[in-house]
Amino acid sequence: MDTLKDKEIKIPERMCICCRKKGEKPEFFRIAERDGKYVFDKEMKIQARGFYVCKTVQCIEKLSKHKKYNIEMEQLVKMLEEIKRQKKSIIDILRPMKNSEYFMFGIDETIDGIKREKIKLVVIPKDIKSKYIQEFEKLSEKFNFKTIFIEKKTELIELFSRDVNVVGIFDKKVIKGILSKVEVMNG
């Protein structure tokens, strides 16, 4: 006799029409037909046949060139804006980790950590002295580490509740998690 516990709950898979990647519904944007035109169904509630596309710039670019689905530029722009809105900033990612032991603060400490090959990711505000930015650029040529720039030093000060010029991060798992969630910008 089958019990409810014995039955597997199957979650329906969706597939991107551009790259053919399969996954669960929240991983994709839905496009539906309305009045003979294809529209971005952000809430996934339009009662019409639809298809799915990955939440990536590459797949949306492919969709824009797709001959079968002539989707208007306005709808493509809405999807691109949604991607941009969902992208997390490095500050948003660091916020829940701000009291962890994976950070090294300050210019001298971070440079020392880089030279000892301990630091593998550096967060630098664009508004610190240019000589420090140049020094980190020289170090990045010699040592293997990634750099993420933020706009203002005040973002770090507000996050860590102290005067912080630069943050170095040294735990490889933490760095991998951060880099998977934020776009790395060198320069």
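Helices (H or I, at least four residues) and strands (E, at least two) are DSSP runs, numbered from the N terminus. This is a predicted model, in which local features need pLDDT of at least 70, side-chain atom pairs count only at pLDDT 80 or more, and totals for chains, interfaces and linings use all residues. Residues are numbered from 1 along each chain as its sequence is written, and side-chain values use heavy atoms, with hydrogens and water left out.

**Exercise 1. The annotated spans**

Task: State which residues each UniProt domain annotation covers, and describe residues 14-75 and 97-169 by end separation and helix and strand content.

Solution.
- Start with the record. UniProt positions are given in the numbering used here, feature names are shortened, and annotations may be inferred rather than shown by experiment.
- The unreviewed UniProt entry annotates residues 14-75 as "domain: YlxR".
- In residues 14-75, the end C-alpha atoms lie 20 Å apart. Helix makes up 19% of that span and strand 32%.
- The unreviewed UniProt entry also carries "domain: Ribosomal protein eL8/eL30/eS12/Gadd45", over residues 97-169.
- For residues 97-169, the end C-alpha atoms are 11 Å apart. This span is 41% helix and 22% strand.

**Exercise 2. Helices α1 and α2**

Task: Decide whether α1 and α2 run roughly parallel or roughly antiparallel, and classify the contact residues.

Solution.
- Two packed helices are described by the angle between their axes and the distance between the axes.
- Axes are lines fitted to C-alpha atoms, for helices over the stretch in contact, and angles run from 0 to 180 degrees between N-to-C directions.
- Angles under 35 degrees count as roughly parallel, over 145 as roughly antiparallel, 65 to 115 as roughly perpendicular and the rest as oblique.
- Helix α1 spans residues 57-65 and helix α2 residues 73-86; their axes come within 10 Å and cross at roughly 180 degrees.
- Therefore α1 is roughly antiparallel to α2.
- Next, the contact (heavy atoms within 4.5 Å). From α1 come V57, I60, L63 and S64; from α2 come L76, M79, L80 and I83.
- Now the classes. Ala, Val, Leu, Ile, Met, Phe, Trp, Tyr, Cys and Pro count as nonpolar, Asp, Glu, Lys and Arg as charged, and the others, Gly among them, as polar.
- The α1 and α2 contact has 7 nonpolar residues, 1 polar and no charged.

**Exercise 3. Helices α4 and α5**

Task: Repeat the analysis for α4 and α5.

Solution.
- The axes of α4 (residues 107-115) and α5 (residues 130-142) come within 11 Å, crossing at roughly 10 degrees.
- The two helices, α4 and α5, are therefore roughly parallel to each other.
- On α4, the contact uses I107, T110, I111, I114 and K115; on α5, Y132, E135, F136 and L139.
- These contact residues of α4 and α5 split into 6 nonpolar, 1 polar and 2 charged.

**Exercise 4. The cysteine pair**

Task: How many disulfides does the whole structure hold, and why are C19 and C54 not bonded?

Solution.
- A disulfide is a covalent bond between the sulfur atoms of two cysteines. Here the test is a pair of cysteine sulfur atoms within 2.5 Å.
- A search of the whole structure finds 0 disulfides.
- C19 is in none, and its nearest cysteine sulfur, in C54, is 3.5 Å away.
- C54 has C19 as its closest cysteine partner; the 3.5 Å between sulfurs is too far for a bond.
- Check accessibility (buried means under 20% relative accessible area, exposed over 50%, partly exposed in between; 1.4 Å probe, protein chains only). C19 is partly exposed at 32%, whereas C54 is buried at 4%.

**Exercise 5. Positive phi**

Task: Place R20 and M44 in the chain and give the phi of each.

Solution.
- Most residues other than glycine have a negative phi, and most peptide bonds are trans.
- R20 is not a glycine, yet its phi is positive, about 70 degrees. R20 sits in the loop between β1 (14-15) and β2 (22-23).
- M44, also not a glycine, has a positive phi of about 60 degrees. Its loop joins β4 (37-40) and β5 (50-54). M44 is partly exposed, at 22% relative accessibility.

**Exercise 6. Two loop residues**

Task: Is V164 buried or exposed, and which residues do V164 and K98 contact beyond four places in sequence?

Solution.
- V164 lies in the loop between α6 (153-160) and β9 (167-169). Its relative accessible area is 3%, so V164 is buried.
- Beyond four places in sequence, V164 contacts F105, K153, L156 and I157.
- K98 lies in the loop between α3 (90-94) and β6 (103-105). At 33% relative accessible area, K98 is partly exposed.
- With the same neighbours set aside, K98 touches F103, L159 and F160.
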